[in-house]
Amino acid sequence: MTLSSTHKTIEVEGNSLHIPEGINYSCSGCGRCCYGVAVPMTEEDYDRVSAIDFSKDLPQFDWSKQYRKLSAKESANTNYTHAIKSTSDGHCPFLVNKLCHIHGKYGEEVKPLICGLFPYSFNRTPSGIYLTVSFRSNAVLGNVGTPLTEQLDTLKEKLRVYNTVYDEGGIIWDKVKLATDKPISWDEYLALETKLLEAFVQGATIKDKIYAGSEALFKDLPSPKASAAVTPNKMDKAFLAGLFALYFPNNPKLKNKDVHFNGIKFAAELMLKPPAFKVANKSYLFETLTEFPWSQDPAIDDLFTRFIYSRIFGKWYFGGGFAQLSVIAGYHHLALLLALARLHATACAIERGASTVSMLDVMQTVRQLDEKIGVAVLDGYSAALWELILFSPNRIHRILDPCFN
Ligand code: SF4
C-alpha cells in the first residue's frame with residue numbers, strides 16, 4: 001500500500017482515530033528507541049520502578065540519582081512527574097545488550113507506560129485523534145512491518161495508554177492561521193490539508209512534492225509566485241545555518257537537550273558570521289555540501305516522503321502541533337528540514353570518507369531531526385521572525401533547488 005491523501009478512521013470509545021495508509025511498523029528489537037531521551041514516567045511508573053532495587057543487576061549506576069523530578073513546564077498537559085536520566089552516551093540505563101532489563105526480568109507491565117506507547121504517536125485535534133509514528137525507530141525509518149491500518153487491536157490498546165498519560169485538551173487548536181494575517185476555521189484547515197496531501201503525494205520527486213504542496217497552500221492567496229531557480233542569498237543561508245545549529249548541535253552536551261531558537265541572537269549574528277554548517281567540529285559551506293554527490297537510491301526519497309507526510313497528516317507542523325506557526329510557515333519549515341537533512345547527511349558521508357551519501361547517513365539524520373523537532377521551543381520574537389522568513393515560496397525554491405538538483 002502506498003501513501004495517499006485518504007486514510008482509515010475507526011471509532012474507539014467515543015474517539016475518532018484516523019490512521020494513515022502506507023505507513024508500516026513492527027518492532028525489530030534493535031533497542032534504538034531507548035536512546036536519546038530521558039524516559040518520562042507517571043507517578044505510578046515512578047513508584048513501581050523506583051521501588052525495585054537494581055543495584056545488584058546494574059551496579060554501574062547510582063540508583064539514588066538515576067531518576068529526576070520533571071519541572072512544571074516539562075510535565076505540562078501530561079501525567080508525567082519524573083524521568084529516568086539517560087547515561088552519558090545517551091541511552092536508557094535499563095537497556096542492556098539491546099534489551100530492556102525491566103521487561104526481561106520483571107515483565108512488560110512493569111516498564112514505564114511510555115515504553116509501551118512508543119513509537120506510536122497520537123495527536124488530539126477538533127476532528128479526532130491522528131495517528132503517526134516516530135522516526136526515531138529503525139523500523140519506522142525503513143517502513144518495515146505491518147501496515148498501521150492492519151493493527152487495529154494494538155492501536156486501541158495504545159490509545160487507551162495515550163489517554164491515561166496525556167490530558168484531554170492539552171493542545172490548543174483555536175488559533176489556526178493559514179498565514180499570520182489569515183485565520184482559518186478547523187474545517188477550512190481540513191479542506192486545505194486534503195488539497196495539500198493530494199498535491200504532495202502526486203509529485204514525482206520529493207522536491208516536486210514539496211513545491212506542489214506549497215502551491216496548493218497559496219492557491220487562494222494573492223501570493224508571490226515561485227520564480228525560476230536561483231542561488232540562495234545570504235539571508236537564506238544564514239537562516240538555514242541557524243536551523244542547522246539548532247537541530248544538529250555541534251556541542252555534544254546539547255545533543256540530548258531541548259531546542260531553543262534565540263531570534264535576537266540569530267538576528268545579531270546574521271550580519272557578523274558567515275553561514276557555516278558544523279558537523280564533528282568541521283565547518284562546511286552550503287556549496288561544499290550541495291555539490292557533493294547525492295545518492296539516487298529511491299529509498300531515500302521514500303523516507304523523506306513518509307517523514308513529511310507523517311508530519312502533515314499528524315498535524316505536527318503548525319498551530320498547537322508545532323510552535324503555533326501558521327500553516328504556510330509550518331509547511332515551509334518542513335521543506336527546510338529536507339534541505340537540512342541533505343546538508344547533514346552529506347557532512348556525515350564526507351566525515352566517514354565516503355564518495356556518496358548513503359541511506360544510513362540519511363536515516364541517522366532523519367532520526368535526529370525527528371527527536372529535536374519534538375523538543376523545539378520558539379519564543380514570541382523567534383516565532384514572528386520565522387513567520388516572516390518562511391512565508392516566501394521563492395526562498396524554498398532557492399534553497400531546495402541546489403540541494404536536490
Ligand atoms: S525502560 Fe526499557 S523499554 Fe523503556 S526506554 Fe528504558 S530500556 Fe527502553
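## Two domains

The C-alpha centres of domain 1 and domain 2 sit 26 Å apart. This is a predicted model, so read everything below with that in mind. The domain assignment puts domain 1 at 1–171 and domain 2 at 194–403. Where the two touch, domain 1 puts in 21 residues and domain 2 puts in 23 residues.

What does the domain 1 side of that contact look like? Strand 9 (120–125) and strand 10 (128–133) each supply at least two of its residues. Sorted by class, the side of domain 1 that touches domain 2 has twelve polar residues, eight nonpolar ones and one charged one.

## Around the ligand

Which residues surround the ligand? Going along the chain, they are Cys34, Val39, Cys92, Phe94, Leu95, Cys100, Ile102, His103, Lys111, Pro112 and Cys115. Split by class, this shell has nine nonpolar residues, one polar and one charged.

Cysteines crop up several times in that list: Cys34, Cys92, Cys100 and Cys115 are among the residues around the ligand. Cysteine counts as nonpolar in the classes used here, so these residues go into the nonpolar tally. Lysine counts as charged, which makes Lys111 the charged member of the shell.

## Two backbone details

Now for a couple of spots to look at in the backbone. A cis peptide bond links Phe118 to Pro119, with omega at about 5°. Pro119 is in the loop between helix 3 (113–117) and strand 9, and strand 9 is one of the strands that supply residues to the side of domain 1 touching domain 2.

The other spot is Glu13, a residue other than glycine whose phi is positive, near 45°. Where is Glu13? It lies in the loop between strand 1 (7–12) and strand 2 (15–20).

## Helix 13 and its partners

Helix 11 (residues 298–313) and helix 13 (residues 359–373) have axes that come within 10 Å and cross at roughly 15°. An angle under 35 degrees counts as roughly parallel, so that is the label for helix 11 and helix 13. Helix 11 passes helix 13 in a right-handed crossing. On the helix 11 side the contact uses Ala299, Ile300, Leu303 and Phe307, and helix 13 answers with Met359, Val362 and Val366. By class, that contact is made up of seven nonpolar residues, with no polar and no charged ones.

Helix 12 (residues 327–351) also packs on helix 13, at an angle of about 130° and with the axes 9 Å apart. That makes helix 12 oblique to helix 13. The crossing here is right-handed too. Helix 12 brings Leu337, Leu340, Ala341, His344, Ala345, Cys348 and Ala349, while helix 13 brings Asp361, Val362, Gln364, Thr365, Val366 and Leu369. The class split for this contact is nine nonpolar, three polar and one charged. Val362 and Val366 of helix 13 take part in the contact with helix 11 and in the contact with helix 12.

## Helix 12 against helix 15

Helix 12 has another partner in helix 15 (residues 393–403): the two pack at an angle of about 30°, with their axes 10 Å apart. Helix 12 and helix 15 are therefore roughly parallel to each other. What is the handedness of the crossing of helix 12 and helix 15? It is left-handed.

For helix 12, the residues in this contact are His332, Ala335, Leu336, Leu338, Ala339 and Arg342, and for helix 15 they are Ile396, Ile399, Leu400 and Cys403. In class terms, the contact of helix 12 with helix 15 comes to eight nonpolar, one polar and one charged.

Technical notes:
Residues are numbered from 1 along each chain as its sequence is written. This is a predicted model: local features need pLDDT of at least 70, side-chain atom pairs count only at pLDDT 80 or more; totals for chains, interfaces and linings use all residues. Axes are lines fitted to C-alpha atoms, for helices over the stretch in contact, and angles run from 0 to 180 degrees between N-to-C directions. Helices (H or I, at least four residues) and strands (E, at least two) are DSSP runs, numbered from the N terminus. Angles under 35 degrees count as roughly parallel, over 145 as roughly antiparallel, 65 to 115 as roughly perpendicular and the rest as oblique. A crossing is left-handed if the near helix is turned anticlockwise from the far one by less than a right angle, and right-handed if clockwise. Two residues are in contact if their C-beta atoms, placed from the backbone, lie within 7 Å. Domain bounds come from an automatic or database domain assignment. A residue is near a molecule or strand if its C-beta atom, placed from the backbone, lies within 6 Å of it.
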